[in-house]
Amino acid sequence: MLQGLLKVDKEEQLPIKQKKSRLSLVHAHNRHQRPDVPPIQASPTTDAECREIITFLGAASNLSEMKNIWGFICEDADRRQRLKEIKDGCLYVNSDEYMRFFDETVEQPDPLHFIDMIEDSFFAFGAGGTCPHEGALPATSVGGDSVTPCNGEDGFADSTGECIKVTSLGTTPTINLKVYALDGLIGLDHDWETRMRDAHHAHEVGGESSLLDTHEAEAESVGDVEGTDIRSARVIMDFVICNPSRYTRHRASYGQLQRQLTLLNQAYSGQYPCHSPTVDTGFRFAMGRISHVVDNQCKRPCTVRNKALERHVPRENGKIKVIICDTGNGPWGESDFAYEQGTRMLVLNPKVLPYGSRRDMNQGAVLMHELGHYLGLFHHWQHRCGGGDNVDDTPNMANPKYDCGWRQTGCGSWQDGSNFMGYAPPTCLCAFTQGQVNRMWQQTGRYTRDLLP
Ligand SMILES: [Zn+2]
């Protein structure tokens, strides 16, 4: 056992799991289903208002995640016009500590739903310029969710009636916005909240072993196998299109899947059009079987956490099997890691396939990212500034960034947003680094040797 433990060296640190004893989600009474893409607003937030809010959030020490999200919305005029005007009122901002739990739980969230999140955390002033946490009655946000203030404390109630506290950060200089940091999360999309509750429950009941435990066990079970010298493989990819009933048919045609594989092979062979350097991973993917199944377990939001789906993709040597099902508003896709040897599941939302209905996301990049996880890659922010993604030639990041272009990582460096393992829009994603490729082969050699020739 000691040998097994010793193999977990610094190179191999695993994702840090936040151990929250409380979920700290503000309870929303009348959350309503939002449209897939938020509509254009008659009075949207202006560019100047955006910049004032971003500057204000940037001055606080624990709101960097929401600052990044504002950056994503504000950098693009079309996105900004979908956000109702945020001024003359009270804005509650999710603090980094809780957004990190969100990051670790919700893979590839649909970032357009951050617009809903902001609208559901913004309230018009009450009588005398008061904010809803100071009152006694439930208040309705600009987005339409209703929340209940705590009794005698500054904050909002969670679903058990406990108080989630708020801290005043002051008022913005010109748009008269009172800003409060929240010791929890407000305005989450319904699908996201479902995932976070499931993850929290699994942790609480102890039904889910920690990643480190799993890793140690697996490191031992593969004995002395430390990697492989092989640097090319052709892997068969099966697609299973899973519908919850005979009356819901996800669109995933042969043409779409074939196009997805073509793009995947371009990306993994380093031939994707890219302004920054990229490399050939050595992996190639070939079309396997396409099948259709009907199973209520594939109802929205379908997830790799639901191990009942495994029966549709039984493990088969040399193959990767993708389940296409409605993952909701996030994750767009989701994958087990290579070292999770028990199951090898990968789910993908049909909307993000090539020619899929989400035009801003249908460039095939979601599968490229998820397959990166499947082959052993982490996000650059997995260990935050203290190790990033266990790869030397990618910059560590403090938290995910959703916008394109050069940006600060929050760890004293810059990053250009082109790496497939980031969360930039698909149009910016085009590169893997040599370090990532080395890690893919090392992880494949250790944990998924059946994919090797
Ligand atoms: Zn990811």
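**Sheets, domains and core of a predicted model**

Me: Which strand do three bridges join to E5, and in which direction do the two run, parallel or antiparallel?
Reply: This is a predicted model: local features need pLDDT of at least 70, side-chain atom pairs count only at pLDDT 80 or more, and totals for chains, interfaces and linings use all residues. Residues are numbered from 1 along each chain as its sequence is written. Helices (H or I, at least four residues) and strands (E, at least two) are DSSP runs numbered from the N terminus, and two strands pair if DSSP finds at least two bridges between them. Three bridges join E5 to strand E6 (residues 163-171), and the two run antiparallel.

Me: Which residue in E6 stands opposite Gly155?
Reply: Strands of a sheet pair through backbone hydrogen bonds, either parallel or antiparallel. In E6, the residue opposite Gly155 is Lys165.

Me: Which are the edge strands of the sheet ordered E2-E1-E7-E6-E5?
Reply: This open sheet has five strands with mixed pairing. An edge strand here pairs on one side only. The edge strands are E2 (122-124) and E5 (155-157).

Me: Which element gives the most to the side of domain 1 that touches domain 2?
Reply: The domain assignment, whose bounds come from an automatic or database source, gives domain 1 (19-198) and domain 2 (230-451). The contact (C-beta atoms, placed from the backbone, within 7 Å) takes 21 residues from each of the two domains. Helix H3 (64-74) and helix H7 (190-204) each give two or more residues to the domain 1 side. With six residues, the element that gives the most is H3.

Me: Where does the largest nonpolar core lie?
Reply: A nonpolar core is a set of buried Ala, Val, Leu, Ile, Met, Phe, Trp, Tyr and Cys residues joined through C-beta atoms within 7 Å, where buried means that 20 or more other C-beta atoms lie within 10 Å of a residue's own. Of the 106 residues in the largest core, Val93, Ile323 and Ile324 touch the most other members. Both domains give residues to this core, so it lies between domain 1 and domain 2.

Me: Which residue in E12 is the bridge partner of Ile323?
Reply: An open sheet of five strands has the order E9-E8-E10-E12-E11. Within this sheet, two bridges join strand E10 (residues 319-324) to strand E12 (residues 346-348), and these strands run parallel. The bridge partner of Ile323 in E12 is Val347.

Technical notes. A residue is buried if 20 or more other C-beta atoms lie within 10 Å of its own, exposed if 12 or fewer, and partly exposed in between; C-beta atoms are placed from the backbone.
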